[in-house]
Amino acid sequence: MIKINEHYLKLQASYLFSTIASRVADYQKKNPDREIIRLGIGDCTRALPIACIAAFHKAVDEMAADASFRGYGPEQGYAFLREAISKNDFQARGADVSADEIFISDGAKCDTGNFQEILSTDIRIAIPDPVYPVYIDTNVMSGRTGIFQDGRYQNIIYLESTRKNNYIPDLPAEPVDLIYLCYPNNPTGATITKEALARWVDFARKNKALILFDAAYEAFIRNDAIPHSIYEIEGAREVAVEFRSFSKTAGFTGTRCAFTVVPKNCLAYDESGHAHALHGLWNRRHTTKFNGVSYPVQRAAEAIYSEEGKAQVKEIIDLMSHVGGEHSPYIWINANRDSWTFFDMLLESAGVVCTPGAGFGACGQQYIRLSAFNSYENTDKAMIRLREALGK
Ligand code: PLP
């Protein structure tokens with residue numbers, strides 16, 4: 001008899017975006033003439049930067065001639081892209097990351113979800129609340145949690161991020177082995193200072209723990225004092241893996257390209273306490289289960305680092321930062337009432353779609369998330385409607 005992985009039965013159905021879609025569809029049916037403005041989604045709406053498109057086209061043309069055709073590439077990514085990333089994203093900011101510590105992939109969602117697979121199931125994990133749900137669900141799937149009870153999974157140490165702590169959770173009171181951090185944060189939009197991040201790195205070093213640092217929104221940082229990478233913190237290489245994505249940086253949500261940094265001296269331990277380099281384990285996993293990102297997509301991603309590419313990306317992000325949070329495309333708003341009630345009110349009275357915070361965790365029950373992934377004009381219009389709806 002074929003048996004299922006029963007841990008999947010513990011998963012809470014993710015009703016968030018399907019419930020949003022059906023409530024919006026109902027509203028549109030009743031109000032066919034009302035123009036709805038969607039500030040709920042975290043998806044890009046603007047075209048790829050011209051520099052990326054030019055590189056993309058050129059690479060496709062190379063595939064059309066036998067002499068320049070490319071078949072399977074290196075699973076870890078082409079050297080041209082890994083070197084551009086290492087130089088521009090890390091060495092330029094004084095972070096010591098070499099090209100061969102970078103693994104190119106088709107998304108930070110897959111990487112943040114898959115990385116836990118090379119770690120023991122018998123570990124204590126700390127996950128922020130509210131949070132990007134992939135970190136929790138993938139740990140549920142692999143059996144690291146108990147059942148879902150009273151709004152939370154058992155055996156997870158929830159790191160509460162609230163207004164009281166400025167959305168930077170306190171260090172856990174007990175030792176933990178695996179810590180998820182995401183800055184700039186989805187959904188709260190909060191950023192972390194070097195000093196606060198250094199406290200997490202020290203904690204991980206003391207506890208021989210690992211930090212999985214998701215920096216998918218790094219490009220939105222506007223203040224140079226805020227760290228773009230955890231490797232700007234001394235000692236982080238030994239205890240941290242970092243995830244990045246071109247999705248929100250350069251509109252690659254549909255094109256798909258991202259990367260994960262696993263420093264060669266980042267360690268984890270076996271049952272007898274013997275240290276192993278995670279780089280080798282992740283390399284083994286990546287090369288066994290993944291066959292690389294397509295050549296034209298990697299060329300398009302490389303173009304982000306050209307002078308024109310950098311300028312075009314900056315222009316897109318500046319516009320989003322203008323309408324979004326200060327260092328992130330998201331605004332996390334205290335609705336002071338149930339987030340679904342506020343969602344309905346906003347839709348009914350303003351025709352604006354937000355994301356109810358309850359979908360990101362217990363700490364989001366009274367919050368909503370607005371995103372800047374819409375045109376400037378629409379976002380501006382939405383703000384006028386919001387002011388009217390809220391009587392401000
Ligand atoms: N990490 C965070 C925090 C995100 O919000 C998202 C997407 O919304 C991702 C990762 C996924 O990125 P990608 O498109 O590269 O899979």
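Ala, Val, Leu, Ile, Met, Phe, Trp, Tyr, Cys and Pro count here as nonpolar, Asp, Glu, Lys and Arg as charged, and the others, Gly among them, as polar. The model is predicted: local features need pLDDT of at least 70, side-chain atom pairs count only at pLDDT 80 or more, and totals for chains, interfaces and linings use all residues. Residues are numbered from 1 along each chain as its sequence is written, and side-chain values use heavy atoms, without hydrogens and water.

**Exercise 1. Describe the shell around the ligand.**

Step 1. Apply the cut-off: a residue is near a molecule if one of its heavy atoms lies within 4 Å of it.
Step 2. List the nearest residues. Of the 14 around the ligand, these are N186, D214, Y217, S245 and S247.
Step 3. Sort the shell by class. It holds 6 nonpolar, 4 polar and 4 charged residues.

**Exercise 2. Find polar contacts of the ligand, and state its cover.**

Step 1. Take pairs of N or O atoms within 3.5 Å as polar contacts.
Step 2. Start with the ligand nitrogen. One such atom is 2.7 Å from an N or O atom in the D214 side chain.
Step 3. Turn to oxygen. A ligand oxygen lies 2.9 Å from a polar backbone atom of K109. A ligand oxygen is also 2.8 Å from an N or O atom in the side chain of K248.
Step 4. Add the cover. On its own the ligand has 400 Å² of accessible area (Shrake-Rupley method, 1.4 Å probe), and the protein covers 90% of this.

**Exercise 3. Characterise the largest pocket.**

Step 1. Define it. On a 1 Å grid over the protein atoms alone, a pocket is an open set of points with protein on both sides within 12 Å along at least five of seven lines; lining residues have an atom within 4 Å of a point.
Step 2. Give the volume. It is about 760 Å³ (the space filled by probe spheres set on the points).
Step 3. Read the lining. It has 29 residues, with K109, Y132, V134, N186 and K248 nearest the centre.
Step 4. Name the elements, where helices (H or I, at least four residues) and strands (E, at least two) are DSSP runs. The largest share of the lining, 5 residues, comes from α5.
Step 5. Classify. The lining has 14 nonpolar, 8 polar and 7 charged residues.
Step 6. Place the ligand. It sits in this largest pocket; the test is that more than half of its atoms lie within 2 Å of the grid points.

**Exercise 4. Locate the cis peptide bonds at P130 and P184.**

Step 1. The bond from D129 to P130 is cis, with omega near 5°. P130 is in the loop between β3 (125-129) and α5.
Step 2. Y183 and P184 are joined by a cis bond with omega about -10°. P184 is in the loop between β7 (178-182) and α6 (194-207).

How values were computed. A polar contact is a pair of N or O atoms within 3.5 Å; within protein, one must be able to donate a hydrogen and the other to accept it, and residues adjacent in sequence count only if both atoms are side-chain atoms. On a 1 Å grid over the protein atoms alone, a cavity is a set of points where a 1.4 Å probe fits but cannot get out, and a pocket is an open set with protein on both sides within 12 Å along at least five of seven lines; lining residues have an atom within 4 Å of a point.
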